[in-house]
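Ready for a few warm-up exercises on a protein you haven't met before? Have a look at the display, try each task, then read the worked solution.

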Amino acid sequence: MDQTHRLLEPQVPVDRRIAGFDKRSIPIASVVLALFLVMTFALPAIDRSIEWDDPIAAGDQLALSSDVIVTPAPGWNLESGYRVTDDTREPNGPATLASAGITIEFVADAFSGTPAELLAQSARVAQGAEDHTFHARGTVDTVSTSAGVAGVRQSFVSSSGDGQVVALVLGDTGVTVTVRGAAQQLHQSGSTIDKMISSVRAMPAGGAE
């Protein structure tokens with residue numbers, strides 16, 4: 001029965017076969033292979049080559065909340081966040097800046113407590129849900145912004161790089177600044193980073209300064 005069935009199956013003539021495959025199937029297979037290669041290799045490569053480019057210009061300010069702003073260093077890339085406009089405090093929210101392998105994240109939220117308590121809270125979050133490799137390093141230092149706001153700073157090490165967390169409290173708003181990067185880059189950009197942290201301040205009633 002099986003032998004009779006095989007005899008009845010249509011056979012592809014030898015002159016229509018290449019390496020045992022029907023020539024008519026080759027164009028379709030080629031299209032499928034091409035699509036596979038494009039989706040698997042070409043598109044991801046193109047996506048990786050396109051950088052998000054939104055550099056900070058001199059005088060730009062970012063609205064971290066309805067009443068807190070920061071002045072980033074010119075040339076740093078704004079990966080997320082909202083620039084302050086002349087006539088509104090909206091929208092606002094966390095901001096992330098990047099340059100030369102360093103990222104700085106500013107987060108403002110309602111907080112009732114001291115800078116030391118805010119710093120401890122941030123460390124617990126990092127050690128728990130976000131980064132299990134987070135370890136504080138050295139002692140807690142005090143910092144002060146250009147507007148006279150006192151805060152505290154803690155250096156750390158983690159699998160994603162070295163860095164520091166700075167905690168500031170402005171009225172009923174707590175601001176945490178998390179800096180990450182390689183040790184050499186952090187050292188080279190130290191003064192720029194300190195200047196940006198020092199620029200955190202309450203937003204004037206009329207909008208940006």
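**Exercise 1.** Work out whether D194 is buried, exposed or partly exposed, then find its salt-bridge partner.

*Solution.* Keep in mind that this is a predicted model.
- Step one: D194 has a relative accessibility of 36%. Buried means under 20% and exposed means over 50%, so D194 counts as partly exposed.
- Step two: D194 forms a salt bridge with R153, and the closest N and O atoms are 3.3 Å apart.
- Step three: R153 sits in strand β9 (residues 150-157) and D194 in helix α5 (residues 190-198), so the pair ties together parts that are 41 residues apart in sequence.
- Step four: check R153 too. Its relative accessible area is 19%, so R153 is buried.

**Exercise 2.** How many salt bridges does a search of the whole structure find, and which residues are linked in a network?

*Solution.*
- Step one: the search turns up three salt bridges.
- Step two: take R83 and D54, whose closest N and O atoms lie 3.1 Å apart. R83 is in the loop between β5 and β6, while D54 is in the loop between α2 (26-49) and β3 (62-63), 29 residues apart.
- Step three: R83 also meets D60 in a salt bridge, at 3.0 Å from N to O. D60 belongs to the loop between α2 and β3, and these two residues are 23 apart.
- Step four: put the pairs together and you get a network of D54, D60 and R83.
- Step five: compare the cover. R83, at 28%, is partly exposed, and so is D54, at 24%. D60 has 17% relative accessibility, so D60 counts as buried.

**Exercise 3.** Describe strand β6 and find which strands it is joined to by bridges.

*Solution.*
- Step one: β6 covers residues 95-99, and four of its five residues are buried.
- Step two: on one hand, three bridges join β6 to strand β5 (residues 77-80), running antiparallel. Here N77 has A98 as its bridge partner.
- Step three: on the other hand, five bridges join β6 to strand β7 (residues 102-110), again antiparallel. S99 stands opposite I102 in β7.
- Step four: look at the turn. The hairpin of β6 and β7 has two residues between the strands, and A100 takes a positive phi near 50°.

**Exercise 4.** What share of the 209 residues counts as buried?

*Solution.*
- Step one: the protein has five helices and twelve strands.
- Step two: of its 209 residues, 34% count as buried.

Terms used:
Residues are numbered from 1 along each chain as its sequence is written. This is a predicted model: local features need pLDDT of at least 70, side-chain atom pairs count only at pLDDT 80 or more; totals for chains, interfaces and linings use all residues. Side-chain values use heavy atoms; hydrogens and water are left out. Buried means under 20% relative accessible area, exposed over 50%, partly exposed in between (1.4 Å probe, protein chains only). Two strands pair if DSSP finds at least two bridges between them. A salt bridge is a side-chain nitrogen of Lys or Arg within 4 Å of a carboxyl oxygen of Asp or Glu.
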